[in-house]
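Let's take a walk through this one together. Have the structure open and turn it as you read.

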Protein chains: 2
Amino acid sequence: MKARVIVMPKQAVLDPQGNAVRDALHHLGLDAASVVRVGKFMEIDLADAGDRPALETKLHALCRDLLSNPVIEDYRLELGE
Amino acid sequence: MKARVIVMPKQAVLDPQGNAVRDALHHLGLDAASVVRVGKFMEIDLADAGDRPALETKLHALCRDLLSNPVIEDYRLELGE
């Protein structure tokens, strides 16, 4: 089973990395880029996952406690097959 | 229109950040995590995108030249509505 975790800066938080990428895109001719936000993408392979609801609860707890900083970041968890 | 770009280290490339996350997940009780890989996620808002095929070609070129390092990274481009 695979889990995907996407961690992005909250909308209200400045994203200087995203702004730098946006400016670089403009510089290279993509003027249509209005907002760019840069976050992290984590792909977790889960061997012998067992009880899926319990696993999902555990993963949400780990996303909050380890993989994201809830003060400035939001996360999205996708649990695949 | 929104574009999403996911940049991941190639399978053959070591990912020490991913290994560190995997070890931390084990430490926090998620022994099922066998492989973790960490990459970047970019969300690009495109205003007035116009010609979609041309835009997609341009975005692929920018993913190759600016947003990823093709020697050690693969990218995935998803062009939404």
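**Two copies, one sheet**

Keep in mind that this is a predicted model. Start with how the chains relate: turning chain A by 180°, with 0.0 Å of shift along the rotation axis, lays it on chain B with an RMSD of 0.0 Å. That is the relation of a two-fold axis. The same surface serves both copies, and 100% of the contact residues of chain A recur in chain B. If you want to find the axis on screen, go to A:Lys40, whose C-alpha sits 2.3 Å from it, the closest approach of any residue of chain A.

Now for the sheet. Strands pair through backbone hydrogen bonds, in either a parallel or an antiparallel way. Here six strands make an open sheet with antiparallel pairing, in the order 3(A)-1(A)-2(A)-2(B)-1(B)-3(B). At the edges you'll find strand 3 (73–79) of chain A and strand 3 (73–79) of chain B, each paired on one side only. Neighbouring strands are turned by 20° against each other on average, ignoring direction.

Zoom in on chain A: strand 1 (residues 2–9) and strand 3 run antiparallel and are joined by seven bridges. One pair to look for is A:Arg4 with its bridge partner A:Glu78 in strand 3.

Next, the helices of chain B. Helix 1 (residues 16–27) lies across strand 2 (33–46) of both chain A and chain B, at about 120° to strand 2 of chain B. Helix 2 (residues 52–67) packs on the sheet and touches strands 1, 2 and 3 of chain B, making about 155° with the direction of strand 3.

What about disulfides? A search of the whole structure turns up zero. As for the cysteines at position 63, A:Cys63 is buried at 0% relative accessible area, and B:Cys63 is buried at 1%.

Technical notes
Residues are numbered from 1 along each chain as its sequence is written. Chains are lettered from A and ligands numbered from 1 in the order in which they are written. This is a predicted model: local features need pLDDT of at least 70, side-chain atom pairs count only at pLDDT 80 or more; totals for chains, interfaces and linings use all residues. Side-chain values use heavy atoms; hydrogens and water are left out. A disulfide is a pair of cysteine sulfur atoms within 2.5 Å. Buried means under 20% relative accessible area, exposed over 50%, partly exposed in between (1.4 Å probe, protein chains only). Copies are superposed by least squares on the C-alpha atoms of residues with pLDDT of at least 70 in both. Contact means heavy atoms within 4.5 Å. Two strands pair if DSSP finds at least two bridges between them. Helices (H or I, at least four residues) and strands (E, at least two) are DSSP runs, numbered from the N terminus. Axes are lines fitted to C-alpha atoms, for helices over the stretch in contact, and angles run from 0 to 180 degrees between N-to-C directions.
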